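I opened the notebook to look up the spaces inside this protein and what sits in them. The entries below follow the order in which I checked things.

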Amino acid sequence: MISSSPTRRRCDEIRDKVESGRRLSADDGLLLYSPEVHLNDLGALANLVRERKHGNLAFYNINTHLNPTNVCVYRCIFCAFRSDLRDEKGYRMSDEQILARGQEAVDAGCTEMHIVGGLHHKMEYDWYLGLIRLLHHAFPSLHLKAWTGVEINWFEHITGKSVRTILEEMIEAGLGSLPGGGAEIFHPEVRNKICEHKADAESWLEIHRTAHQLGLKTNCTMLYGHVENAWHRIDHLLRLRSLQDETGGFQTFIPLAFHPANTKLAHIKKASSLMDLRTMAVSRLMLDNVPHVKAYWIMLGVGTAQVALSYGADDIDGTVRHELIYHDAGAQTPEILSVEQIRRLIVEAGREPVERDTLYRRVVREGGRWSVGEKVGAGVQVS
Ligand code: V47
């Protein structure tokens with residue numbers, strides 16, 4: 001794993017652990033972040049785990065985003081999307097606009113709508129709940145992956161209701177799962193600098209714990225490449241791994257590289273592709289109990305996302321339309337890929353494309369209609 005250094009023995013130990021399906025420690029994770037460990041060797045190890053879990057398959061879906069408002073009470077310093085209430089760029093979508101987006105998604109064959117937005121100063125919980133009800137009623141086949149842990153925490157704050165009650169009401173209205181956003185970096189040394197007012201680590205994790213107890217699947221993320229260091233990243237991964245041991249409710253982990261343009265951290269240089277691939281691989285190795293690791297092409301760029309499919313990732317997200325959070329922060333990627341393009345980029349990377357729905361069931365399309373088949377992907381398999 002390394003050419004010559006006193007840490008070679010430690011690297012051999014790590015390789016033995018991975019090959020025999022044993023769990024890596026925090027110290028192992030830290031060492032894997034060290035430049036002494038060659039990226040290609042690290043990638044090969046992560047690829048071993050990725051292929052053990054999913055063989056040669058690479059998953060994608062046909063999806064759309066909906067950000068019903070960008071007006072937000074919080075001022076997270078990494079965010080280029082948010083707006084103040086009276087800013088020119090501030091918006092809030094009407095029911096008609098939201099329904100038009102639903103219709104567009106269904107017409108385009110989408111199976112999923114990913115809904116997140118700002119915490120609007122003036123809008124009540126009933127607007128957020130009603131929006132789920134409206135969309136689900138009009139488009140029952142569309143899976144609504146909506147509201148980050150931070151939004152659920154805000155609903156708790158403005159209603160005084162428990163997390164459980166809020167999630168039960170959302171599920172009753174048509175919520176299908178929770179996306180992984182809002183996790184950022186859990187460690188308070190970093191969290192207090194980049195988003196001091198919003199849900200802390202314990203609240204975010206408790207919301208996902210409750211969602212899992214209610215039978216919802218959820219995703220998890222980590223925002224890297226800003227003011228954090230390797231220890232903060234490993235600490236973050238271990239907190240996720242520990243909740244997953246308890247509940248098994250996380251489906252997919254998505255490492256998110258910070259995009260600095262138009263943010264209060266614009267002076268920071270964006271993480272390199274090498275750092276992106278290292279984080280992908282370390283995440284795959286540390287999160288031995290999370291079934292899927294996603295290379296979000298919007299954030300990574302298509303080329304790095306293709307390489308990431310051999311550095312631990314087994315999923316590339318979707319065709320995507322109407323993505324704003326990354327494009328407001330300077331992402332140069334296209335705003336949408338066609339099904340042909342996304343399948344081609346997976347094939348070019350040497351993998352077999354599989355269209356999945358949000359819950360990782362194979363999607364079968366025939367004559368303009370779609371249905372779901374069996375669950376795909378090996379699921380949780382530690383050894
Ligand atoms: O929580 C915000 C991040 C997240 C920036 O669950 C930024 O399948 C980089 O969570 N540069 C939202 N990142 C996106 C997200 C997500 C994306 C794709 C799939 C899934 C899923 C979830 O985006 C936020 C924050 O961590 N973010 N601003 C920025 N300037």
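Entry 1, the largest cavity. I began with its lining and counted 41 residues. Val116, Gly181, Gly182, Glu184 and Ile325 lie nearest the centre of this cavity. I note here that the model is a predicted one. For the volume of the largest cavity I wrote down about 760 Å³. The count of cavities of 30 Å³ or more comes to 3.

Entry 2, what the lining is made of. I sorted the residues that line the largest cavity and got 20 nonpolar, 13 polar and 8 charged. Which elements supply at least two residues each of this lining? I found helix 6 (149–159), strand 6, strand 7 and helix 14. Strand 6 gives the largest share, with 3 residues.

Entry 3, the ligand. Where does the ligand sit? I located the ligand in the largest cavity. Around the ligand I found 23 residues, and the closest of them are Phe78, Lys145, Gly182, Glu184 and His259. Gly182 and Glu184 are thus on this list, and both are also among the residues nearest the centre of the cavity.

Entry 4, the shell around the ligand. I divided the shell residues into 11 nonpolar, 8 polar and 4 charged. Strand 6 (218–224), strand 7 (250–257) and helix 14 (325–328) each supply at least two residues of the shell. I had already met these three elements in the lining of the largest cavity.

Entry 5, polar atoms beside the ligand. I looked up distances to oxygen atoms of the ligand. For glutamate 184, a polar side-chain atom lies 2.4 Å from a ligand oxygen. For glycine 182, a backbone N or O atom lies 2.7 Å from a ligand oxygen. For glycine 181, a polar backbone atom is 3.2 Å from an oxygen of the ligand. I then checked how far the ligand is covered: on its own the ligand has 610 Å² of accessible area, and the protein covers 95% of that area.

Entry 6, the largest pocket. I turned to the largest pocket and noted about 170 Å³ of space in it. It is lined by 15 residues, and Thr111, Ser141, Leu142, His143 and Arg361 are the closest to its centre. How do the lining residues of this pocket divide into nonpolar, polar and charged? I got 6 nonpolar, 7 polar and 2 charged. Strand 4 (143–146) and strand 12 (369–375) each supply at least two residues of the pocket lining.

Notes: Residues numbered from 1 in each chain as written. Predicted model: local features only at pLDDT ≥ 70, side-chain atom pairs only at ≥ 80, totals over all residues. Heavy atoms only, no water. Near = heavy atom within 4 Å. Polar contact = N/O pair within 3.5 Å; in protein donor to acceptor, adjacent residues only side chain to side chain. Areas by Shrake-Rupley, 256 points an atom, 1.4 Å probe, with all protein chains shown as cover. 1 Å grid on protein atoms, 1.4 Å probe; cavity = no way out; pocket = protein on both sides within 12 Å on 5 of 7 lines; lining within 4 Å. Sits in = over half its atoms within 2 Å of the grid points. Helix = DSSP H or I, 4+ residues; strand = E, 2+ residues; numbered from the N terminus. Nonpolar A, V, L, I, M, F, W, Y, C, P; charged D, E, K, R; others polar. Points joined across faces, edges and corners; volume = space filled by probe spheres on them.
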